[in-house]
Amino acid sequence: MSSIALWVKPDAFDFGAIHAPLPPKLTLQNLYKLSTYARNKGRAGYPKLSYSVWKNVACNKLQISEDLAWLYFETFDMLSGSSFKEHSNWNESFSRCKSQEEIGNWLVLFLSADHLRSQGSVSTLQFILFLYIQQIHKISFKASLVLGGEEWPTRSRSPDLENKGSVAVKSLDEHDHMMFVLHHLNDILELLMEPESSANNGCGNEAYLTVEALDALGFLITGVTDGRTIQPLPVLARLQPERPRSGYSKISRTFSFRHLQSWLRSNLQVNPFGVSSILARGFKPQETPIKNFLSLSDTFDEHSLLRQQEADTSISASKEHSTNRSRIMSNVSYAPPEQRVIILSQVCKQTVAKASDSYSGSMVKIHRCHYSYIYILCPLRAVTVENCHNSTIVLGVTKTAVNIIGCDSCTFFAVCDRISFSGCNNCTFNLCTPTRPVILPGNEGLLLAPYHTHYPALEEHLHGPWGVPIEPNLWNDPLMLASDRTVGSSAVYRELPPGDFFTFTIPFSMKGSTDGPPIPLPKKYEKALKEREKAINNWYQLVKTSSLSKSQRKQLQKDVQDRFQEWLAESGHATQLNGLVPPHSSKS
């Protein structure tokens with residue numbers, strides 16, 4: 001019996017498989033041809049595929065637009081763990097290209113950016129696998145997947161999970177990811193075979209895969225031997241006890257295709273550190289009261305900042321029921337650092353904040369949170385936000401991607417490598433991202449604005465291992481992949497008018513040296529803030545130099561305070577302020 005446990009990596013599907021219609025010519029047969037073509041292009045095509053070679057195939061052979069070709073290439077590079085951008089000062093060079101746009105030199109901008117992109121290269125075999133898994137969304141936005149006439153295998157949901165409060169379907173897709181890989185494992189392995197092995201296989205010789213091919217498969221699959229220490233897939237497959245089952249030959253340094261496929265099928269399972277595992281063991285109401293589960297380190301001493309807003313005591317029982325439905329869970333106590341996940345589900349009318357270093361590098365999943373204020377002020381690996389409404393969500397620096405799905409009337413603050421929106425209505429996004437925001441189908445009434453807030457540890461996070469470059473900031477240059485071409489971009493998104501732009505203040509004190517927004521603002525927004533600040537100073541000066549008596553000044557102050565309280569109540573901000581008041585400490 002094997003002691004190996006393998007599972008499908010969630011990031012490749014959650015943040016790599018793009019929720020857009022699949023290009024018709026991005027088929028299995030054409031991926032075989034891409035593999036052969038790349039090998040024939042020498043060092044420009046294999047083992048590293050240059051963007052210039054990929055662009056030629058994508059645009060001229062597969063009829064993929066240049067924007068989408070670059071999106072695939074750049075997204076894979078972001079997830080690869082060894083980005084060409086990090087080794088070539090790519091973002092700094094691209095920022096200089098963007099400066100040509102500001103002075104109107106479009107020809108220089110085009111030539112410089114195109115030349116810069118052509119210098120990028122990625123792992124050929126891994127990129128082909130990345131392209132292959134795009135078909136998981138080959139559903140034309142219907143309920144089932146169809147590939148070559150085959151029905152997508154359905155699954156029955158665990159009754160245990162059904163009783164957990166139904167964290168979103170997307171959040172439980174790890175089972176679908178595993179089933180996709182198992183259902184298409186033969187095709188996946190054939191894509192990784194050497195051409196001569198494929199040719200000899202038809203002559204009766206046994207097909208084989210190289211160690212390099214298995215290393216590429218590690219983009220999709222990982223595993224453990226002792227239940228906790230994650231090892232690369234080739235290492236696991238070449239362990240002495242596993243060699244007879246995985247079909248590894250030390251002499252030829254190859255794996256038998258047949259044995260390897262059998263070994264993978266017998267050891268693949270649902271991610272033991274994933275959402276299903278967290279739902280099963282991450283929250284036990286009788287042991288861990290929700291009010292003590294999540295707190296903001298270094299803030300309000302030991303007080304929790306998970307607060308239910310009780311504007312009306314007459315409905316406190318209903319509010320208590322709402323709180324009991326909330327699920328805030330994590331696997332940090334038992335998962336390896338690269339597998340850490342935080343889940344916030346069904347948080348309603350609460351303020352939640354987290355800034356603990358123990359959560360750094362985690363993947364965050366936020367689902368069905370309503371009328372709440374959520375602050376995750378630690379560096380993150382990736383974030384998914386689904387089906388939230390009427391909430392404000394402030395995210396820490398996010399190393400890879402932020403996916404916003406099916407949200408309504410929410411405000412987001414994010415510094416991330418990539419962000420995408422799908423099925424969102426009337427949401428505002430305050431962004432700093434070095435890549436173009438991706439607008440997928442189903443959005444309406446989006447407002448885009450530059451990121452302008454800070455928390456004390458922000459600069460430390462920006463320059464730390466989970467940091468992202470702040471230049472160029474492409475917050476207002478989205479890439480639209482909407483399927484309905486008849487819908488104009490003006491109905492989908494617009495820039496926030498400078499007159500409606502304000503600095504957002506994060507209402508917590510914590511350790512750190514950042515005392516102001518470190519990310520530069522576009523000039524028109526900077527001008528709007530200065531004009532507003534000037535108007536406020538003029539008001540103060542007018543009151544100061546007026547000839548009001550002491551009683552008149554008191555009356556003016558009272559009128560201003562009364563009007564401010566009215567505005568707080570009308571705008572709903574009073575509820576937010578109430579949620580920031582820490583509960584009384586049990587210590588006297």
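## Pocket, cavity and two buried residues

Helix H1 (10-16), helix H4 (66-79), helix H5 (90-102), strand E3 (121-123), strand E7 (221-224), strand E8 (230-231), helix H13 (233-237) and strand E19 (398-405) each put at least two residues into the lining of the second largest pocket. Helices (H or I, at least four residues) and strands (E, at least two) are DSSP runs, numbered from the N terminus. This is a predicted model, where local features need pLDDT of at least 70 and side-chain atom pairs count only at pLDDT 80 or more, while totals for chains, interfaces and linings use all residues. Residues are numbered from 1 along each chain as its sequence is written, and side-chain values use heavy atoms, with hydrogens and water left out.

Back to that pocket. The second largest pocket holds about 1,200 Å³ of space, and 44 residues line it, with Met 78, Leu 79, Ser 80, Gly 81 and Ser 82 nearest its centre. H4 is the top contributor to this lining, giving 5 residues.

On the enclosed side, the whole structure has 4 cavities of 30 Å³ or more. The largest cavity comes to about 140 Å³; its lining has 13 residues, and Phe 15, Ile 18, Asn 403, Arg 418 and Ser 420 are the closest to its centre. H1, H4, E19 and strand E20 (411-422) each supply at least two residues of that cavity lining.

As for the terms, the search runs on a 1 Å grid over the protein atoms alone: a cavity is a set of points where a 1.4 Å probe fits but cannot get out, a pocket is an open set with protein on both sides within 12 Å along at least five of seven lines, and lining residues have an atom within 4 Å of a point. Grid points are joined across faces, edges and corners, and a volume is the space filled by probe spheres set on the points.

Here is how the linings split by class (Ala, Val, Leu, Ile, Met, Phe, Trp, Tyr, Cys and Pro are nonpolar; Asp, Glu, Lys and Arg are charged; the others, Gly among them, are polar).

| Lining | Nonpolar | Polar | Charged |
|---|---|---|---|
| Second largest pocket | 16 residues | 15 residues | 13 residues |
| Largest cavity | 7 residues | 4 residues | 2 residues |

Now for Val 122, which sits in strand E3. Val 122 counts as buried because its relative accessibility is 3%, the cut-off being under 20% relative accessible area (1.4 Å probe, protein chains only). Leaving out residues up to four places away in sequence, Val 122 touches Pro 47, Lys 48, Leu 49, Phe 73, Phe 76, Asp 77, Phe 84 and Phe 127, where a contact means heavy atoms within 4.5 Å. Val 122 and Pro 47 are 75 residues apart along the chain, yet their C-alpha atoms are separated by 8.4 Å.

Ser 35, in helix H2 (residues 28-40), is also buried, at 7% relative accessible area. With the residues up to four places away set aside, Ser 35 touches Ile 128 and Leu 191.

E7 and E8 turn up again in an open antiparallel sheet of 3 strands, ordered E1-E7-E8. Strand E1 (5-8) and E8 are at the edges with a single partner strand each, so one side of each has no neighbour in the sheet. Two strands pair if DSSP finds at least two bridges between them; E7 and E8 have 2.

Zooming out, the protein has 22 helices and 25 strands, and 51% of its 588 residues count as buried.

Methods:
Buried < 20%, exposed > 50% of the residue type's maximum accessible area, 1.4 Å probe, protein only.
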